[in-house]
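Q: I have a structure open in front of me and I am new to it. Could you show me how to read its features step by step?

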Amino acid sequence: FDILGGLEVLDEAVSNALDAAEVGIDIIILNAGQYFCAPALDTNVDEALSDLMQVNFASPVQLAHKLMLRDRWKERKHGHIVTISSLMGRGAAPLNAVYSASKHALRGYFHSLAAEEKSWLRVDVILPGAVNTGLWNASWSSKNEVGDDKAGQLQADDRSKMPVERCVQLIISSMIGPSYMFFESWISRNPGLLWVYLASYEPCTFHVLTNIIAPLRLSMWKKGEDALYLPTMLQHLLKSFLEYIMGRSESVLPS
């Protein structure tokens with residue numbers, strides 16, 4: 001079903017699921033999501049907020065809420081929600097401002113819900129990094145967007161992506177593990193894991209690195225290049241540094 005279809009569509013989806021299950025539903029996996037990569041001030045924020053917050057945050061919350069009420073999870077004292085957020089839901093993500101905000105919201109809501117209903121509800125929040133899915137081909141874009149062709153075509157280098165099968169194995173492993181260990185699972189290749197560790201445990205270091213990475217990502221985005229593969233980013237940093245040393249640039253980082 002179309003998760004942007006509105007409340008009636010979500011109601012119908014819950015009804016169809018309950019009819020198919022017959023004896024009730026024990027687990028819901030909220031995996032809907034849409035990516036977006038573009039500078040924040042080049043974004044048609046009115047359209048982007050409406051669409052991306054609905055797909056990545058509001059509709060999953062509404063769907064889970066409707067299911068829990070209709071299937072009487074609280075009365076049954078049983079339920080398990082697995083929601084797919086993103087590593088970008090853990091820290092600032094230059095070029096992904098609206099996407100990152102939507103994933104922060106999703107993570108915040110479900111952790112709060114889990115704390116309120118911890119006596120009976122299990123919530124697992126999964127934070128994957130780049131995974132080799134069709135997400136990149138279905139990135140959000142607007143016809144009014146500045147650089148719309150770039151926003152729709154920019155692909156992360158396959159070398160930075162985790163295979164789908166491996167990501168699924170790790171998600172299932174977290175689902176069957178003890179909840180006190182797997183209430184939040186970070187699933188990524190490096191440097192994604194290093195990124196989320198710094199965002200969580202070394203926020204000052206993370207802030208400094210983010211301000212170094214941001215101009216590099218912007219420069220690469222303008223050229224239509226991948227900005228998630230670390231060796232490519234380091235090549236751009238070295239090139240920028242050499243141009244500064246030779247007097248061709250007034251800044252160590254791209255402007």
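A: What follows is a dialogue that moves from the whole fold to single residues.

Q: Before anything else, what kind of model is this?

A: This is a predicted model, and every value below was computed from it. Residues are numbered from 1 along the chain.

Q: How many helices and strands does the protein have, and in what pattern do they follow along the sequence?

A: A useful start is to count the elements and then to read their order. Here the secondary structure comes to 10 helices and four strands, and read along the sequence they follow the pattern α-β-α-α-β-α-β-α-α-α-β-α-α-α.

Q: How does the radius of gyration of the protein compare with that of a compact globule?

A: The idea is to set the value of the model beside the value that a globule with that number of residues would have. For 255 residues a compact globule would have a radius of gyration near 18 Å, and the protein has 20 Å, which agrees. The C-alpha trace spans about 70 × 40 × 30 Å along its principal axes.

Q: What can I read about burial, surface and contacts over the whole protein?

A: Each of these is a total over the protein. Buried residues make up 44% of the 255 residues, while the accessible surface comes to about 13,600 Å², of which 57% belongs to carbon and sulfur atoms. Among contacts with a separation of 6 or more, 72% are between residues 24 or more positions apart.

Q: Which residues line the second largest pocket, and how much space lies in it?

A: A pocket is read through its volume and then through the residues around it. About 200 Å³ of space lies in the second largest pocket, and its lining consists of His65, Met68, Leu69, Arg72, Trp73, Lys74, Glu75, Tyr109, Leu113, Glu117 and Trp120. The elements that give two or more residues to this lining are helix H2 (45–70), helix H3 (73–76) and helix H4 (97–116). By residue class, the lining divides into six nonpolar, one polar and four charged residues.

Q: Taking two of those lining residues, is Glu117 buried or exposed, and what is notable about the phi of Arg72?

A: Here one reads the position of each residue together with its accessibility. Glu117 is found in the loop between H4 and strand S3 (121–128), and it counts as buried because its relative accessibility is 15%, where buried means under 20%. In space, the C-alpha atoms of Glu117 and Lys77 are 9.5 Å apart, although the two residues are 40 residues apart in sequence. Arg72 lies in the loop between H2 and H3, and it has a positive phi of about 55° although it is not a glycine. With a relative accessible area of 49%, Arg72 is partly exposed.

Q: Which other backbone features should I look for along the chain?

A: One can look for another positive phi and for a cis peptide bond. Glu22, in the loop between helix H1 (7–21) and strand S1, has a positive phi of about 70° although it is not a glycine, and at 69% relative accessibility Glu22 counts as exposed. A cis peptide bond joins Asn190 and Pro191, with omega at about 15°, and Pro191 has its place in the loop between strand S4 (184–187) and helix H8 (192–201).

Q: Which residues are in contact with Ser174, once its neighbours within four places in sequence are left aside?

A: Contacts of this kind show which parts of the chain meet. Ser174 is found in helix H6 (residues 164–176), and at 2% relative accessibility Ser174 counts as buried. Leaving those neighbours aside, Ser174 is in contact with Arg122, Asp124, Ile126, Phe182 and Ser185.

Q: Where do Ala32 and Asp42 lie, and how should I read them?

A: Both can be read by loop, by accessibility and by a distance in space. Ala32 is found in the loop between S1 and H2, and at 29% relative accessibility Ala32 counts as partly exposed. Beyond its neighbours within four places in sequence, Ala32 is in contact with Ile3, Val55, Asn56 and Lys103, and its C-alpha atom is 7.8 Å from that of Ile84, 52 residues apart in sequence. Asp42 lies in the loop between strand S1 (27–30) and H2, and Asp42 is partly exposed, with a relative accessible area of 30%. The C-alpha atoms of Asp42 and Asn137 are separated by 20 Å, with their positions 95 residues apart along the chain.

Terms used:
This is a predicted model: local features need pLDDT of at least 70, side-chain atom pairs count only at pLDDT 80 or more; totals for chains, interfaces and linings use all residues. Side-chain values use heavy atoms; hydrogens and water are left out. On a 1 Å grid over the protein atoms alone, a cavity is a set of points where a 1.4 Å probe fits but cannot get out, and a pocket is an open set with protein on both sides within 12 Å along at least five of seven lines; lining residues have an atom within 4 Å of a point. Grid points are joined across faces, edges and corners, and a volume is the space filled by probe spheres set on the points. Ala, Val, Leu, Ile, Met, Phe, Trp, Tyr, Cys and Pro count as nonpolar, Asp, Glu, Lys and Arg as charged, and the others, Gly among them, as polar. The radius of gyration is taken over C-alpha atoms; the globule rule is 2.2 Å times the number of residues to the power 0.38. Buried means under 20% relative accessible area, exposed over 50%, partly exposed in between (1.4 Å probe, protein chains only). Contact means heavy atoms within 4.5 Å. Accessible areas come from the Shrake-Rupley method with a 1.4 Å probe; for residues, only the protein chains shown count as cover.
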